[in-house]
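Please work through the exercises below with the structure at hand. Each task is followed by a solution in steps.

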Amino acid sequence: MSKRYYSLPKLRSLLGAVTITVSISMLYSVDGGGINSAALSNTLPQEDNSKDKLLSDAASKKFLFVDLQSHWVRSFVEGLMLNGELSEALITSGSVNQFQPDRPVSRGELARLLSVAFDNPKISKITTRLNDSATKAEALVAIARELDLNPKSIKEPQTYLLSMYRDALQIPAYAIPAIATITKQGLVSNYPDPRVMSPTNAITKGELAALLYQALAYQKRLPTLRSPYTIDPNRQIWGRDLMQITRLEVSISKRKVTAFHGEVAIKTYSVAVGRTGWGTPVGNHRILQTIEYPAWENPFTGDVIASKDPENPLGDRWIGFWTNGKEWSGFHGTPNRASVGQAVSHGCIRMYNEDIRELYSQVTTATTVRVSP
């Protein structure tokens, strides 16, 4: 095989062609979706006239970060780049064309970014352990506070969170009301599963960027941005009426009964308890029977009031949990709503009819009952 030799001028010509080819290829973004505006602005001659600039600073930043090209937070970050001060605060000093979306954010950095994003220099409520990583729960609480969301707007925040996240039990108690409220507003994004928050994990820079964008969109400072990783606040994993209650705890002194699923308190109801001389039996019990539309027999006269009779003192549901073979004690409804919250019964636990219906649908004969003074 013969060897081919090139003269020096010819070799220079070939190298020039290669250089031109490489320069043209750099005009396209890494994801192949279009022209790389940043590269274009660096290769074409620029005129001094500002009106004739090909690209704005915001547009040139759109393709700035090479580590965001296929990242789930790319759209959120690109949107935040339109905010001058916040874009500068988000760019890590010393990084070259990298956003570092998976880097943990420190508590001090969180405080600084929140101050810039919400234009609130007095936000610095994070004053300790500034070098420690901020958790996602801490960031959510802080953002909910800056948005002035009412943490009491959801009556049963823990129950709501249980219906939204598979790991809701990991949410710290202090953060439950705020996280329930910010979730209800549709501002929380989780990757790769929207239903898994990992609230005690360190929040990453990308996760914080997504939260900041959603918060600013909530304030109508940025356009709404849809993402498959943003949780739908109206689509619950389960309905509370389908969640089985495993334990009922009755406090005679507080006139309350709390329903539990495992160790999670689902709901607390007001009740009436036994009056003096007819105390509700204290101790550990188990549900023995459930009756829909029970009849009632007067223990003194033997007279019977039929089921569905408006005067039936048992209402329309009965949940029995104690008996000595002759007498019974249990939960039931009542036509006398004013008696709920009082110690007036003959040992049974009276509830509002709508409450006993709800409770009735969630208990079984495997449900335990604990009655304490």
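**Exercise 1: the largest pocket**

By class, 14 nonpolar, 10 polar and 4 charged residues line the largest pocket. Here Ala, Val, Leu, Ile, Met, Phe, Trp, Tyr, Cys and Pro count as nonpolar, Asp, Glu, Lys and Arg as charged, and the others, Gly among them, as polar. The model is predicted: local features need pLDDT of at least 70, side-chain atom pairs count only at pLDDT 80 or more, and totals for chains, interfaces and linings use all residues. Residues are numbered from 1 along each chain as its sequence is written, and side-chain values use heavy atoms, with hydrogens and water left out.

Task: State which residues lie nearest the centre of the largest pocket, and which element gives the most to its lining.

Solution.
1. The lining comprises 28 residues, of which Trp 296, Glu 297, Pro 299, Trp 328 and Cys 348 lie nearest the centre.
2. Two or more lining residues come from each of strands E6 (289-292), E7 (296-297), E9 (317-323) and E10 (328-332); strands are DSSP E runs of at least two residues, and helices H or I runs of at least four, numbered from the N terminus.
3. E10 gives the most, with 3 residues.

**Exercise 2: two helices**

Task: Determine how H7 and H10 are arranged, and which residues make their contact.

Solution.
1. The axes of H7 (residues 136-146) and H10 (residues 205-218) come within 11 Å and cross at roughly 15 degrees.
2. H7 is therefore roughly parallel to H10, a term for angles under 35 degrees.
3. Lys 136, Leu 140 and Ile 143 of H7 make the contact with Glu 207, Leu 208, Leu 211, Leu 212 and Ala 215 of H10, where contact means heavy atoms within 4.5 Å.
4. By class, these contact residues are 6 nonpolar, no polar and 2 charged.

Terms used. 1 Å grid on protein atoms, 1.4 Å probe; cavity = no way out; pocket = protein on both sides within 12 Å on 5 of 7 lines; lining within 4 Å. Axes fitted to C-alpha atoms, helices over the stretch in contact; angles between N-to-C directions. Parallel < 35°, antiparallel > 145°, perpendicular 65-115°, else oblique.
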